[in-house]
Protein chains: 2
Amino acid sequence: MRYELYYWPTIQGRGEFVRLVLEEAGAEYVDVARGPDGMKALMSVLKGTKGVPPFAPPILKAGELVIAQTANICAFLAARHGLVPGDEGSRAHALQLQLTIADFAAEVHDTHHPISTGLYYEDQKTEALARSRHFRAERIPKFLTYFDHAMQGEHLLGAFSYVDLSLFQVLSGLEYAFPKAYARIVTPKLSGLRERVGERPRIRAYLESPRRIPFNEKGLFRRYPELDDEG
Amino acid sequence: MRYELYYWPTIQGRGEFVRLVLEEAGAEYVDVARGPDGMKALMSVLKGTKGVPPFAPPILKAGELVIAQTANICAFLAARHGLVPGDEGSRAHALQLQLTIADFAAEVHDTHHPISTGLYYEDQKTEALARSRHFRAERIPKFLTYFDHAMQGEHLLGAFSYVDLSLFQVLSGLEYAFPKAYARIVTPKLSGLRERVGERPRIRAYLESPRRIPFNEKGLFRRYPELDDEG
C-alpha cells in the first residue's frame, strides 16, 4: 500500500512524528503537500473528507481510510508495521508514552504562542518570555526526568518501538529551540537514546536526505534565543 | 474485574472523561483517591509504578496493568466494554475524535493558566483575559463547528460510542465555564447530543449521584465571569 501523508510542506511540525514512523517502517508514501498542487490537495482532504473529518493536519490516507491526530496515526502505522508489540498492554503503554510526548510538544508550541495561534510571535513576546521561563525551569526538567525514569534499558518499552522515534524528535527539537537549557537538563540515558535512534540505518538515511526539512522558525520548535537560558 | 481509578479526589478534571466511560459501561470500579488514605494510594501509584510509569493522573489499574493518559484509558475501556466498534478504521476514527476533544480540553485549561500551571490564576490573570478573548472568538467556534460538522446523525460515529460521552463532558464544562459564550456558539445538533447523552439511564443515574463531583474552580473548567463574554 502506498500511503499519502498530508501536512504543511515547509515545516517538520507535528507531521515529523509521522514521517519518522513511515521512514523507519520502510513504507511507501507520498508527502502530498510537497508535490505539485500539493496545498490544493491538502485543503481538499482537510475540508472535503466525508465520514469522520480531520480537524487539522497531519492527515494520513491509507487506501480508503483517512485518519488524523499525530499520536493516532503513529500508533496506527506502528501496529501495521511491527513497530509496537501486539498485546493490549504494550499497545496501551506505547500510546500512553506517545500521548505524554504529544503533551510535551504542545507545551513547546505554547512557549512561542502562549496567547493565541492567531497572533504573531512578536505580538505575544512578553507572555512568551514568561511562559518560556517557567517551561525551562519546571516543565523541561519534569518531562525529561520522567522519560529518563521511564526508559527500560536502551528503549522506552524495553525493545525498540515507535515511541522511541517520537522521543528522538522531541529531544532533537528541544536542542534546536533551547540549546542552552537542553544541554543543562538532558541526561546521559536520553542522549544515548537519541543517538541510537539517529543511527538506525533508515533514520540516518532519512535525516541525510532532502526529505528531512530543516528546523525553522515556522515550525513547532523555534530557535528564539531570548526564550532560552541566558548567558 | 474491579477497576481502580486514581484521580484527584475533589475535581472532575480529566478524570471525569474516564468516570463517564466506567459509568456507561456499568463497570465495577473504585475511585481510590476518594476513599480512606486515598491520596496516599494515588501518590504511591504515581511514584511507585514499575515498568511504564504514569506521568500524571488519571491512572487506571486493570488487574496487573497500570495505564495513564485520559484518551488512552477511555479507548482501552471502550474496547473492552463494547463502547466502540471493533474494526481498525472505527477504532482509529474514535481515537482521532477523542484526541481532538483532549486538545480542546487542554486549550480550556490554558485559558486560566496561560503562563504556568505552577502559578495561581490570580498571578496570570492579565494573560488569562487575553487568552480567553481569543479562545472565545476563535477557538470555541472552530472546535464546535468542527464537532457539529463531524456528527453523523445523532452521534459522532453514527452509533453511540465513548467519544459521545467525552463530547458531552466538554460541552457541559464549557457551559459551566463560559455560559454566555457557550449559549452564543453552541449549535442545535450539539445541544441535542448533550441532552441525549445526559438522558442515558446510567449517565443520568451517575449525574444525580454523589459520585458526580460538582464543577468547581479547582478543576479544568472554571467559572471566572471575567473570562466569559461581556454583557
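The following exchange concerns the chain symmetry and salt bridges of a predicted model.

Q: What turn lays chain B on chain A?
A: A turn of 180 degrees, with a shift of 0.0 Å along the axis, lays chain B on chain A with an RMSD of 0.0 Å. The two copies are thus related as by a two-fold rotation axis.

Q: Which C-alpha of chain B is nearest the axis?
A: That of Pro114(B), which is 3.0 Å from the axis.

Q: And through what surface do the copies meet?
A: They meet through the same surface, because 100% of the interface residues of chain B are also interface residues in chain A.

Q: Turning to salt bridges, how many are there over all chains?
A: The count comes to 32 salt bridges over all chains.

Q: Which residue does Arg19(A) meet in a salt bridge?
A: Its partner is Asp31(A), at 2.7 Å from N to O. Arg19(A) lies in helix 1 and Asp31(A) in strand 2 of chain A, 12 residues apart.

Q: Is Arg19(A) buried or exposed?
A: Arg19(A) is buried, with a relative accessible area of 0%. Asp31(A) is also buried, at 12%.

Q: Which residues are linked with them in a network of salt bridges?
A: Glu16(A), Arg34(A) and Arg212(A) are linked with Arg19(A) and Asp31(A) in that network.

Q: What does Arg200(B) form a salt bridge with?
A: Arg200(B) pairs with Glu24(B), the closest N and O atoms being 3.0 Å apart. Arg200(B) lies in the loop between helix 8 and helix 9 and Glu24(B) in helix 1 of chain B, so the pair ties together parts 176 residues apart in sequence. Arg200(B) is partly exposed at 24% relative accessibility, whereas Glu24(B) is buried at 8%.

Terms used: Residues numbered from 1 in each chain as written. Chains lettered and ligands numbered in written order. Predicted model: local features only at pLDDT ≥ 70, side-chain atom pairs only at ≥ 80, totals over all residues. Heavy atoms only, no water. Least-squares fit on C-alpha atoms with pLDDT ≥ 70 in both. Contact = heavy atoms within 4.5 Å. Salt bridge = Lys/Arg side-chain N within 4 Å of Asp/Glu carboxyl O. Helix = DSSP H or I, 4+ residues; strand = E, 2+ residues; numbered from the N terminus. Buried < 20%, exposed > 50% of the residue type's maximum accessible area, 1.4 Å probe, protein only.
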